[in-house]
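Good morning, colleagues. Please take a moment to look at the structure on the screen before I begin.

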Amino acid sequence: MLMVSNVNFLKKEPNVTLIQVQCRAWDYLRAGASDGRAPFTVMQAATIGRSSAPSVRNVILRYVYEAEHVIDFYTDVRSEKAAEIRADPRIALVGYDPEGMVQLRLEGVASVLTEGTDKKRAWDASRLRSLVLYRTPVPPGTSIDRPDDAYPAQSDGHDINLAGYQNFCIVRVSLKTLEVLDLSVPAAHKRARYSRTGNEWEGQWIVP
Ligand SMILES: Cc1cc2nc3c(=O)[nH]c(=O)nc-3n(C[C@H](O)[C@H](O)[C@H](O)COP(=O)(O)O)c2cc1C
């Protein structure tokens, strides 16, 4: 598991620079996407519901590509969130590290990847107990009589390694903003916001 070396990083470095904070934010995200649990392994992802109401749920951070400014999570292509993203790709994510007292907020544009080598690699690297969720014969969110009705009674005769593959997708978020809020020092909270244009990130301290 990739560890973020010093949890209260802003507390320990009162003169920390915007660049340092940005680097630590990416460290946090990378640690979240590495094997094992870390503060930002689970983040809350908000989309715009199809009735224009906000819609939010937990997701597991799966991949972070800092050079390309993207993060991935996985979902079922039949899910409500996938439909919402296809209708309006704007997305926001938030997470909080209660030990370090750091909040990360991300905004970007999401796309639903239903094929390609990244999807195959992600599928192959996933644990069976995660993949079993994609084998449900009825779409997520469908009303059922009993919880067991969500799962197939037995193998449907397809290659078990690929069963459900067509329902699995990557949600890839191209990040546009990144915001760090550090609450670790009482009465000296720090908040920094970074906005991306092309490959350039511009940072700014803002009032917490
Ligand atoms: C800790 C945790 C992690 C979760 N991770 C994911 C995830 O990575 N992908 C996903 O589709 N759903 C995940 N879920 C379930 C979602 O929060 C949500 O209930 C489900 O995907 C249906 O959401 P939707 O109706 O907005 O599509 C997770 C739930 C919890 C509690």
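**The pocket and the ligand**

Let me start with the lining of the largest pocket, whose residues comprise 19 nonpolar, twelve polar and twelve charged ones. Please keep in mind throughout that this is a predicted model.

In total, 43 residues line this largest pocket. Those nearest its centre are Ile-60, Arg-62, Tyr-74, Ser-126 and Ser-130. As for volume, the largest pocket comes to about 1,100 Å³.

Which elements build this lining? At least two residues each come from helix H2 (18-33), E2, strand E3 (63-65), E4, H3, helix H4 (117-125), helix H5 (128-131) and strand E7 (168-182). Strand E4 supplies the largest share of the lining, namely five residues.

I turn now to the ligand. Which residues surround the ligand? Going along the chain, they are Val-42, then Arg-57, Asn-58, Val-59 and Ile-60, followed by Tyr-74 and Thr-75, and finally Ser-79, Glu-80 and Lys-81. Sorted by class, this shell holds four nonpolar, three polar and three charged residues.

Three distances to oxygen atoms of the ligand deserve attention. For Thr-75, a polar side-chain atom is 2.5 Å from a ligand oxygen. In the case of Arg-57, an N or O atom of the side chain is 2.8 Å from an oxygen atom of the ligand. With Ile-60 the backbone is involved: one of its N or O atoms lies 2.9 Å from a ligand oxygen.

How much of the ligand does the protein bury? On its own, the ligand exposes 620 Å², and 58% of that is buried by the protein. Strand E2 (54-60), strand E4 (70-76) and helix H3 (80-87) are the elements that contribute two or more residues to the shell around the ligand. Among these, E2 gives the most, with four residues.

Two residues appear in both parts of this account. Ile-60 and Tyr-74 are in the shell around the ligand, and both are also listed among the residues nearest the centre of the largest pocket.

Finally, I should like to mention a residue of helix H2, Ile-19. Is Ile-19 buried or exposed? Its relative accessible area is 56%, and exposed means over 50%, so Ile-19 is classed as exposed. Ile-19 also has a distant partner in sequence: Gln-204 is 185 residues away along the chain, while the two C-alpha atoms are 9.9 Å apart in space.

Thank you for your attention.

Notes:
Residues are numbered from 1 along each chain as its sequence is written. This is a predicted model: local features need pLDDT of at least 70, side-chain atom pairs count only at pLDDT 80 or more; totals for chains, interfaces and linings use all residues. Side-chain values use heavy atoms; hydrogens and water are left out. A residue is near a molecule or strand if one of its heavy atoms lies within 4 Å of it. A polar contact is a pair of N or O atoms within 3.5 Å; within protein, one must be able to donate a hydrogen and the other to accept it, and residues adjacent in sequence count only if both atoms are side-chain atoms. Accessible areas come from the Shrake-Rupley method with a 1.4 Å probe; for residues, only the protein chains shown count as cover. Ala, Val, Leu, Ile, Met, Phe, Trp, Tyr, Cys and Pro count as nonpolar, Asp, Glu, Lys and Arg as charged, and the others, Gly among them, as polar. On a 1 Å grid over the protein atoms alone, a cavity is a set of points where a 1.4 Å probe fits but cannot get out, and a pocket is an open set with protein on both sides within 12 Å along at least five of seven lines; lining residues have an atom within 4 Å of a point. Grid points are joined across faces, edges and corners, and a volume is the space filled by probe spheres set on the points. Buried means under 20% relative accessible area, exposed over 50%, partly exposed in between (1.4 Å probe, protein chains only).
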